[in-house]
Structure formats: structure tokens, C-alpha cells
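Me: I have a chain to go through and would like each label set against its definition. Please take my questions in turn.

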Amino acid sequence: MSKTALIIVDMQNDYFEGGKWTLEGIGQASNQAVKVLAEFRKKQWPVIHVCHEFLSEDAPFFIAGSEGAKIHKSLLPVEGEPVVLKNEVNSFKGTDLKKHLDELGSL
């Protein structure tokens with residue numbers, strides 16, 4: 001078993017054009033992420049998606065349950081790819097990301 005895993009973090013609609021917090025260069029970044037994701041899927045290597053949702057309804061973006069908090073259509077998970085939900089900036093704090101990596105032997 002490979003100890004390699006791809007972790008895609010915060011590739012959510014609010015960061016893309018038309019979202020609440022558009023990032024400069026997000027198109028280029030997502031295009032590269034799509035290429036890497038395709039390669040991992042081709043090799044059947046593990047992929048984990050991490051999404052951020054703020055718990056407050058007056059958050060500036062990534063509001064829980066909103067369209068902006070959803071993973072961008074270009075990087076949607078497929079069956080078997082776990083999605084880790086985080087409410088902090090840290091992808092490990094209060095999430096099961098470490099558990100997923102431990103199960104894969106990737107950490």
C-alpha cells in the first residue's frame with residue numbers, strides 16, 4: 001500500500017468567480033488540482049477532500065449549507081473519496097482527517 005494520499009483543501013465555490021470571497025489565481029490553482037486529481041484517480045491512489053464551513057450565519061463566506069460552501073464542480077469527490085468537514089483553519093483540529101490518514105498508513 002502506498003503511503004501517498006492527495007488532500008484537496010477548501011476548493012469551494014465561494015473562492016471561485018461569483019463567490020463571496022474570490023481568490024486571485026483560483027482558476028490556475030484549480031486547473032492544476034484537476035490534473036493532479038485525475039492522475040491520483042487513474043492510479044487509484046487515495047484522495048481526501050477537506051471543506052470549511054463557518055458555524056456562524058454571518059460569516060463572510062463558507063456558510064454552512066450554502067452553495068458557496070460546496071466543493072467546486074471541477075473537483076467533486078467520487079464514491080469512496082472521503083470528505084472531511086472542518087470549522088477551524090486547521091484541517092486536523094476537530095476533524096477525522098488524521099483517522100483517514102492513519103487508516104491509509106499515510107501519516
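The questions below run from the whole chain to single residues.

Me: How do you know which values to use in this model?
Reply: This is a predicted model, where local features need pLDDT of at least 70 and side-chain atom pairs count only at pLDDT 80 or more, while totals for chains, interfaces and linings use all residues. Residues are numbered from 1 along each chain as its sequence is written, and side-chain values use heavy atoms, with hydrogens and water left out.

Me: What makes up the secondary structure of the protein chain, and in which pattern?
Reply: The protein chain has 2 helices and 3 strands. Along the sequence they follow the pattern β-α-β-β-α. Helices (H or I, at least four residues) and strands (E, at least two) are DSSP runs, numbered from the N terminus.

Me: How do you know whether the radius of gyration of the protein chain agrees with a compact globule or not?
Reply: The radius is taken over C-alpha atoms, and the globule rule is 2.2 Å times the number of residues to the power 0.38. For 107 residues the rule gives a value near 13 Å; the protein chain has 14 Å, so the two agree. The C-alpha atoms fill a box of roughly 45 × 30 × 20 Å along the principal axes.

Me: How many of the 107 residues are buried, in percent, and what makes a residue buried?
Reply: Buried residues make up 36% of the 107. The term means under 20% relative accessible area, against over 50% for exposed and in between for partly exposed (1.4 Å probe, protein chains only). The accessible surface of the protein chain is about 6700 Å² (Shrake-Rupley method, 1.4 Å probe; for residues, only the protein chains shown count as cover). Carbon and sulfur atoms hold 54% of that surface.

Me: What share of the contacts joins residues 24 or more positions apart?
Reply: Such pairs account for 68% of the contacts with a separation of 6 or more. Contact means heavy atoms within 4.5 Å.

Me: Why are the buried residues of α2 said to be on the same side of the helix?
Reply: Helix α2 covers residues 97-104, and its buried residues are Leu97, His100 and Leu101. They cover an arc of only 95° around the axis, which puts them on the same side of α2. The arc is that of the directions from the helix axis to the C-beta atoms. Their cover includes β1 (6-9), β2 (47-52) and β3 (83-86). After α2 comes Gly105, with a positive phi near 70°.

Me: Why is Tyr15 called buried?
Reply: Its relative accessible area is 15%, so Tyr15 is buried under the 20% limit. Tyr15 is found in the loop between β1 and α1 (26-42). Leaving out residues up to four places away in sequence, Tyr15 touches Asp10, Trp21, Thr22, Leu23, Ile26, Phe61 and Phe62.

Me: What is known of its partner Ile26, and is Ile26 buried or exposed?
Reply: Ile26 lies in helix α1 and is buried, because 10% is under the 20% limit. Tyr15 and Ile26 are 11 residues apart in sequence and 7.1 Å apart in space, C-alpha to C-alpha. Beyond four places in sequence, Ile26 is in contact with Met11, Tyr15 and Phe16.

Me: What makes Gln12 buried?
Reply: Gln12 has 0% relative accessibility, so it counts as buried. Gln12 is in the loop between β1 and α1. With residues up to four places away left out, Gln12 touches residues including Val50, Cys51, His52, Phe62 and Ile71.

Me: What makes the phi of Asp10 and that of Phe62 worth a remark?
Reply: Most residues other than glycine have a negative phi. Asp10 has a positive phi of about 60° and is not a glycine; Phe62, also not a glycine, has a positive phi of about 50°. Asp10 is in the loop between β1 and α1, and Phe62 in the loop between β2 and β3. Asp10 counts as buried at 12%, and Phe62 counts as buried at 1%.

Me: Why is Cys51 called buried, and which residues does it contact?
Reply: The relative accessible area of Cys51 is 8%, so this residue of strand β2 is buried. Beyond four places in sequence, Cys51 is in contact with Asp10, Gln12, Ile71, Val83, Val84, Leu85 and Lys86. Cys51 and Val9 are 42 residues apart in sequence and 6.2 Å apart in space, C-alpha to C-alpha.
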